[in-house]
Amino acid sequence: MAYTVKQKIKGRIYLYEVESYWDKAKKQSRQKRKYLGPQERIYKSKKDTSNTSKNEIKVKPSSFVSKSYGDTFLTRSIQKGLGLIDILKEHFKDNYKEILSLSVFAFQESVPSYLFPFWHEDHILDDVQKMNSQSLSSLYERIGRNELG
């Protein structure tokens, strides 16, 4: 089943067509994304060429934004079972949720951490504020300082 997802990048909204499939080798659900273009250009071109009847209802794809939860829930359960949450709460009181979310991201994806904000938009995370590249860098700096002292 294919659906449309919107993703905000540097203030502009881009649309992607997403199709889910089962990867037999990795034994997990995966997604293929097809870039459709900027949201304003897509809607503008659809308005010009639409021949809708009176009974047809037009629905914007952006109203059906879904977020992934299952993989995040599983990884958080593993973290809790290992006692990782309690350890991070003890050593990083202010930032343990962000560190846990980054560890979920690192565990699930094999991409650089600057892509975390885009991944974060597609996943449900417990009370984690949106983080940009600068906030990620300052978080890594705080982690490094804590390690030294």
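Here are some short exercises on this predicted model, each followed by a worked solution.

**Exercise 1. Getting an overview**

Find how many helices and strands the chain has, and in what pattern they follow one another.

*Solution.*
Step 1. Start by counting: the chain holds 6 helices and 3 strands.
Step 2. Now walk along the sequence, and you will meet the pattern β-β-β-α-α-α-α-α-α.
Step 3. Next, look at burial: 30% of the 149 residues count as buried.
Step 4. Finally, turn to the contacts with a separation of 6 or more; residues 24 or more positions apart account for 42% of them.

**Exercise 2. Building the sheet**

Work out in what order the strands form the sheet, and which strands are at its edges.

*Solution.*
Step 1. Take strand E1 (residues 2-9) and strand E2 (residues 12-23): they pair in the antiparallel sense over 8 bridges. To see one pairing on the structure, find Val 5, whose bridge partner in E2 is Tyr 16.
Step 2. Move on to strand E3 (residues 28-38), which runs antiparallel to E2 and is joined to it by 10 bridges. Here Tyr 21 has Arg 30 of E3 as its bridge partner.
Step 3. Put the pairs together: the 3 strands form an open sheet in the order E1-E2-E3, with antiparallel pairing.
Step 4. E1 and E3 each pair on one side only, and these are the edge strands.
Step 5. Add the twist, which averages 35 degrees from one strand to the next.

While you look at the strands, keep a general point in mind: in a regular strand the side chains alternate between the two faces of the sheet.

**Exercise 3. Two turns with a positive phi**

Find which residue in the E1-E2 hairpin has a positive phi, and which residue does so in the hairpin of E2 and E3.

*Solution.*
Step 1. Recall what to expect: most residues other than glycine have a negative phi.
Step 2. Look at the hairpin of E1 and E2, with 2 residues between the strands; Lys 10 in this turn has a positive phi of about 50 degrees.
Step 3. Check whether Lys 10 is buried or exposed. Lys 10 has 83% relative accessibility, and the cut-off for exposed is over 50%, so Lys 10 counts as exposed.
Step 4. Go to the hairpin of E2 and E3, which has 4 residues between the strands. Lys 27 is in this loop and has a positive phi of about 55 degrees, although it is not a glycine.
Step 5. Lys 27 is exposed too, with a relative accessible area of 65%.

**Exercise 4. A salt bridge within a helix**

Find which side chains meet in a salt bridge, and where they lie.

*Solution.*
Step 1. Begin with the principle: side chains of opposite charge can pair when their charged atoms come close.
Step 2. A search of the whole structure finds 1 salt bridge.
Step 3. The partners are Arg 145 and Glu 141, with 2.4 Å from N to O. The cut-off is within 4 Å, so this pair qualifies.
Step 4. Both residues lie in helix H6 (residues 133-148), 4 residues apart, which is about one turn of the helix.
Step 5. Compare their surroundings: Arg 145 is exposed, with a relative accessible area of 55%, whereas Glu 141 is partly exposed at 42%.

**Exercise 5. Two helices in contact**

Describe how helix H2 packs against helix H4, and which residues make the contact.

*Solution.*
Step 1. H2 (residues 70-82) and H4 (residues 96-108) pack at an angle of about 115 degrees, with their axes 10 Å apart.
Step 2. The crossing of H2 and H4 is right-handed.
Step 3. On the H2 side, the contact is made by Asp 71, Thr 72, Thr 75, Arg 76 and Gln 79; the residues of H4 include Leu 100, Val 104 and Phe 107.
Step 4. Sort the contact residues by type, and you get 3 nonpolar, 6 polar and 3 charged.

**Exercise 6. A buried loop residue**

Decide whether Asn 95 is buried or exposed, and which residues it touches.

*Solution.*
Step 1. Locate Asn 95 in the loop between helix H3 (84-91) and H4.
Step 2. Its relative accessible area is 16%, and buried means under 20%, so Asn 95 is buried.
Step 3. Leaving aside residues up to four places away in sequence, Asn 95 touches Leu 139 and Arg 142.

Methods. Residues numbered from 1 in each chain as written. Predicted model: local features only at pLDDT ≥ 70, side-chain atom pairs only at ≥ 80, totals over all residues. Heavy atoms only, no water. Buried < 20%, exposed > 50% of the residue type's maximum accessible area, 1.4 Å probe, protein only. Pairing = 2+ DSSP bridges. Axes fitted to C-alpha atoms, helices over the stretch in contact; angles between N-to-C directions. Left-handed = near helix turned anticlockwise from the far one by under 90°. Contact = heavy atoms within 4.5 Å. Nonpolar A, V, L, I, M, F, W, Y, C, P; charged D, E, K, R; others polar.
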